[in-house]
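Dear colleague,

I am handing over the structure below, and after it I set out what was found when going through it. Please read the notes with the structure open beside you.

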Amino acid sequence: MSVLRRAREWLAQDPDPDTRAELSALIEREDLAALEQRFGAKLEFGTAGLRGELGAGPNRMNRVTVMRAAAGLAAVLGPGKHVVIGYDARHKSDVFARDTAAVLTGAGLRASLLPRPLPTPVLAFAVRHLGADAGVTVTASHNPPRDNGYKVYWGDGSQIVPPLDTEISTAIDAVGRVDDLPLGDPTTDPPPGSLTTRTEPGTLTELGEETVRAYLRAVTSLPLGDARDLRVAYTPLHGVGAATLDAAFLAAGFDSPLMVEEQREPDPDFPTVSFPNPEEPGAMDLAIVLAAKTEADLIVANDPDADRCAVGVPLPGGGARMLTGDEVGGLLAEHVITHTTGDRMVATTIVSSTLLGKIAQAHGVRYGETLTGFKWIIKAGPGLVFGYEEAIGYSVGSDAGLPVRDKDGIGAALTVAAIAAAAKRDGRTLLDLLDDQARRYGLHATSQLSFRVSDLSLITNAMSRLRTDPPATLGNLPVERADDLARGDGGLPPTDGLRYLLEGGARVVIRPSGTEPKLKCYLEAVVPVTTTPAEARARAGEQLASIRTDLENRLAL
């Protein structure tokens, strides 16, 4: 079938006037290159759901794509099941959420819609809180403004894992034209503002603020100690975190954070940042300036859907030291472990720092190591009270377990604030606590090296060369063990990756990205503190630089 014919058939079922206008113009001028970009492939539904650029066609995020995804999910779940739906403030998120509700209720399922754009962790919490069978949130997290996405949670409140993704993907492929789908009545029953957790099959419930209040009660029940004297500079980066984080801080007894006004309100165009990810260069500049002006004790940021949390410590005279995800993970882990009891587990991924394992061993709690992705961390084992990934994602728990079985940037921000307030009471900062950990466990320094390619075969060939001719040394450190993760080395499910354990505790993990044409390398150096943490940090930095140079030369990408 020609691309023009595929485009016309798509146009005939598209309910969105915006994408209809876009596609009609492309068809009229027979822009085959642009049409091929939209129709030459399709967004694949995986364990992260769907994510892509907004626009017409199967290779874009649009109402047709979303309705097909909802129909596939409905087919896997079956009539009578209950799905909670959330959404952020990106372009079309509210429309996609409503379309999802219409398709699900039209298929005989019950749908509950969160009352407004809210952080992703509120949706993850609501699935279990309401006893739902699944959840959907419409978000592209910290992707560029032109993107949107569709993430699915199961009844345990965590993201789906195989084989569910394949089952849903197969069901999506079996969906016909979306204009033939039965759609539910968009009217609400009961009226907005009330809370009904069980409705009749085929009905839509618009949830009130009670669901948000229940989430706030859960996160403010985390082990937060009693120190509250803290001035926090905060930015939601034009996302949906501000109102929920402010409410959480006030409910926990903290003062309201001082907010970057230019970034406070949700704005899907993210006008003040080149990339709405707090880890990207420049994204934290306004928050750092605010911290200096207000003499703040702590800097906190959420990404646009507030499931991640970035942390910084203002420096005397201006500027700030932004903490890595591994550094924050180590501080949070030790705090949670020392404020919980019983048989507990903490977990992180194979690309995160090895520090967490040493903290767990020192405190006599179980430690789990998983594949990358929070969906795996959450399934690390029973008794999980804390999990994190190096990409600034954390789930903080208590003796009652994890209130959110996914990344939670609000709960993490609250807990970091509690740690910082307790340190301030003692005349110290988070940087002092990091030095304490370095003295106890060794200075663990981490960094990344990424190679973006236009030809994926370059990555395949590089991985093949490493498997055929593994390095004997990296950064002048002997390789003591080489794990081929594709063989399941290390006791993990097979995945395409290589791990090198070096003399002295250093480590390198190399893996192709699952979402981008990139090869990612995760580097770690471990240096004992023999004089000062600063001196050890400098030596670790030199070691990382040497490892990086060796990898660049060996990979030749």
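In this predicted model, a polar atom of the side chain of S395 lies 2.6 Å from the backbone oxygen of V404. The residue that supplies the side chain, S395, belongs to strand β15, which covers residues 393–396, and S395 is buried, its relative accessible area being 1%. When neighbours within four places in sequence are left aside, the residues in contact with S395 are F374, V385, F386, G387, L402, V404 and D406, so that V404 appears both in this contact list and as the partner in the polar pair.

One of those contacts, F386, leads on to the aromatic residues, since ring pairs join F386, Y388 and Y394 into a cluster. Within that cluster, the rings of Y388 and Y394 have centres 6.2 Å apart and planes at 20°, and the pair therefore counts as stacked, planes under 30 degrees apart being the criterion. Both Y388 and Y394 are buried.

How many aromatic pairs does the model contain in total? The count comes to five. Another of them is formed by F125 and Y215, whose ring centres are 5.8 Å apart and whose planes stand at 70°, so this pair is edge-to-face. Because F125 lies in helix α6 (residues 120–129) and Y215 in helix α8 (residues 210–219), the pair ties together parts that are 90 residues apart in sequence. Both partners are buried, F125 with a relative accessible area of 10% and Y215 with a relative accessibility of 0%.

Turning to helix packing, you may want to look at helix α4 (residues 63–77) and helix α7 (residues 164–173), whose axes come within 8 Å of each other and cross at roughly 120°. The crossing of α4 with α7 is right-handed. On the α4 side the residues that take part are R68, A69, G72, L73, A75 and V76, and these meet L164, E167, I168, A171, I172 and D173 of α7. Sorted by class, the contact of α4 with α7 is made up of eight nonpolar residues, one polar residue and three charged residues.

Some backbone features also deserve a careful look, and the background to them is that most residues other than glycine have a negative phi, while most peptide bonds are trans. Between P162 and P163 the peptide bond is cis, with omega at about 5°, and P163 is placed in the loop between β5 (147–154) and α7. A positive phi in a residue other than glycine is found at E30, where the value is near 50°; E30 sits in the loop between α2 (17–28) and α3 (32–39) and is partly exposed, at 48% relative accessibility. K92, which is not a glycine either, has a positive phi of about 75°, and K92 lies in the loop between β2 (82–87) and α5 (93–106), where K92 counts as partly exposed at 24% relative accessibility.

Two alanines complete these notes. Is A301 buried or exposed? With a relative accessibility of 0%, A301 counts as buried, and A301 is part of strand β9, residues 298–302. Its contacts, again without neighbours within four places in sequence, are Y234, T235, P278, M284, R308, C309 and A310. Measuring from C-alpha to C-alpha in the model, A301 and K407 are 14 Å apart in space, although 106 residues separate them in sequence.

The other alanine, A252, lies in helix α9, which spans residues 241–252, and with 13% relative accessibility A252 also counts as buried, the limit being under 20%. Outside its neighbours within four places in sequence, A252 is in contact with T220, L224, R228 and L414. Between A252 and F39 there are 50 Å in space, C-alpha to C-alpha, and 213 residues in sequence.

With best regards

Note on methods:
Residues are numbered from 1 along each chain as its sequence is written. This is a predicted model: local features need pLDDT of at least 70, side-chain atom pairs count only at pLDDT 80 or more; totals for chains, interfaces and linings use all residues. Side-chain values use heavy atoms; hydrogens and water are left out. Helices (H or I, at least four residues) and strands (E, at least two) are DSSP runs, numbered from the N terminus. Buried means under 20% relative accessible area, exposed over 50%, partly exposed in between (1.4 Å probe, protein chains only). A polar contact is a pair of N or O atoms within 3.5 Å; within protein, one must be able to donate a hydrogen and the other to accept it, and residues adjacent in sequence count only if both atoms are side-chain atoms. Contact means heavy atoms within 4.5 Å. Rings of Phe, Tyr and Trp (its six-membered ring) pair if their centres lie within 6.5 Å; planes under 30 degrees apart count as stacked, over 60 as edge-to-face and the rest as tilted. Axes are lines fitted to C-alpha atoms, for helices over the stretch in contact, and angles run from 0 to 180 degrees between N-to-C directions. A crossing is left-handed if the near helix is turned anticlockwise from the far one by less than a right angle, and right-handed if clockwise. Ala, Val, Leu, Ile, Met, Phe, Trp, Tyr, Cys and Pro count as nonpolar, Asp, Glu, Lys and Arg as charged, and the others, Gly among them, as polar.
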